[in-house]
Amino acid sequence: MRVAALQVDTVWEDAAATCRRIEPWIATAAAGGAGLAVLPEMFACGFSMNTAKIAEPVDGPTTTFLRDQAAKYGLWLGGTVPEQTADRPANVFVLAGPGGEIHRYKKIRPFTPSGEKAAFEAGTETLTIEIPDGDAALRISLFVCYDLRFADLFWDLAPSTDLYLVAANWPETRSRHWKALLDARAIENQAFVLGVNRVGTGGNLKYTGDSRIVSPLGEELGAAASVETVLFAEVTAERVAQVRRDLPFLADRPG
């Protein structure tokens with residue numbers, strides 16, 4: 001499957017304006033042959049803790065945008081949305097399919113230093129789904145930003161994962177960590193990793209993107225700097241299986 005990381009800017013706390021301006025980037029991904037395209041964390045509003053302004057109901061306007069765009073362009077499309085739950089909002093990775101499918105992963109590790117842990121409800125369950133890839137299927141596990149620092153979350157899903165998706169708002173000050181951790185998660189789990197981060201400024205922070213797609217051997221398949229762009233790469237379940245057959249490291253991992 002051809003996958004795409006959509007490294008885009010955000011109109012701060014204005015989801016409608018952001019969705020209007022990023023549709024051409026989704027069209028670009030579709031025109032480039034992507035069967036799966038991923039947007040950054042809280043792509044429509046920015047990483048704001050102003051939940052009274054940004055939180056949306058489940059299946060609200062931003063999730064509806066993802067569903068409509070996925071159907072329009074015939075691809076899987078994901079990004080995170082601040083969705084209101086019974087108590088507090090949650091930072092939810094919404095993955096929409098071309099046939100109207102919706103999958104949700106609630107961020108397990110809210111970012112304590114920013115106040116996200118106080119403002120947003122943490123998830124408790126990981127999520128791996130299968131999506132069709134020609135005559136085969138691609139097993140995809142979803143994660144969000146700060147989750148990337150917790151290797152155990154990724155380790156637990158490795159046997160059933162071909163591709164990890166990591167949607168982020170990772171600031172420039174820690175960009176070296178972002179790149180190193182993406183590479184590490186790919187190498188140690190022998191799986192593809194697609195990490196997509198925003199660019200621009202928001203909430204007094206600067207974001208330099210550094211989105212990347214990494215192979216199961218840690219090879220850089222695509223990388224971006226600090227401009228809006230789309231990264232493409234080819235990922236297959238067979239490549240993951242081959243690497244794991246040739247180098248059966250997972251079998252030696254402590255159970």
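**View A. Gln69 sits in helix α3, which spans residues 61–73.** The model shown is predicted. Gln69 is buried, at a relative accessible area of 6%, and the cut-off for that label is under 20%. Its side chain makes a polar contact with the side chain of Glu23, at 3.4 Å. Leaving aside residues up to four places away in sequence, Gln69 touches Glu23, Ile26 and Leu77. Glu23 thus appears both as a polar partner and in the list of touching residues.

**View B. Six strands form an open sheet.** The strand order is β5-β4-β3-β2-β1-β14, and the pairing is mixed. The edges are β5 (102–106) and β14 (229–234). Each of these edge strands pairs on one side only. From one strand to the next, the twist averages 25°.

**View C. Strand β4 meets the edge strand β5 in an antiparallel pairing.** β4 covers residues 89–96. Five bridges join β4 and β5. At one position, Ala96 stands opposite Ile102, a residue of β5.

**View D. Helices α1 and α3 pack on the sheet.** Helix α1 runs over residues 15–31. It touches β1 (2–7), β2 (36–38), β3 (76–84) and β14. The direction of α1 makes about 25° with that of β14. Helix α3 touches β3, β4 and β5. Its direction makes about 170° with that of β3. The buried Gln69 of View A belongs to this helix, α3.

**View E. Helix α6 covers residues 175–189.** The helix has 15 residues. From its first C-alpha to its last it reaches 22 Å, close to the 21 Å expected at 1.5 Å a residue. Just after α6, Gln190 takes a positive phi of about 50°.

**View F. The buried residues of α6 line one face of the helix.** They are Ser175, Trp178, Leu181, Leu182, Arg185, Ala186 and Asn189. Why do they line one face? Seen down the axis of α6, the buried residues fall within an arc of 130°, so they share one face of the helix. What do the buried residues of α6 pack against? The strands are β8 (163–168), β9 (192–197), β11 (205–208) and β12 (212–214). The helices are α5 (151–157) and α7 (237–246).

How values were computed
Residues numbered from 1 in each chain as written. Predicted model: local features only at pLDDT ≥ 70, side-chain atom pairs only at ≥ 80, totals over all residues. Heavy atoms only, no water. Helix = DSSP H or I, 4+ residues; strand = E, 2+ residues; numbered from the N terminus. Buried < 20%, exposed > 50% of the residue type's maximum accessible area, 1.4 Å probe, protein only. Polar contact = N/O pair within 3.5 Å; in protein donor to acceptor, adjacent residues only side chain to side chain. Contact = heavy atoms within 4.5 Å. Expected span 1.5 Å × (residues − 1). Arc of directions from axis to C-beta. Pairing = 2+ DSSP bridges. Axes fitted to C-alpha atoms, helices over the stretch in contact; angles between N-to-C directions.
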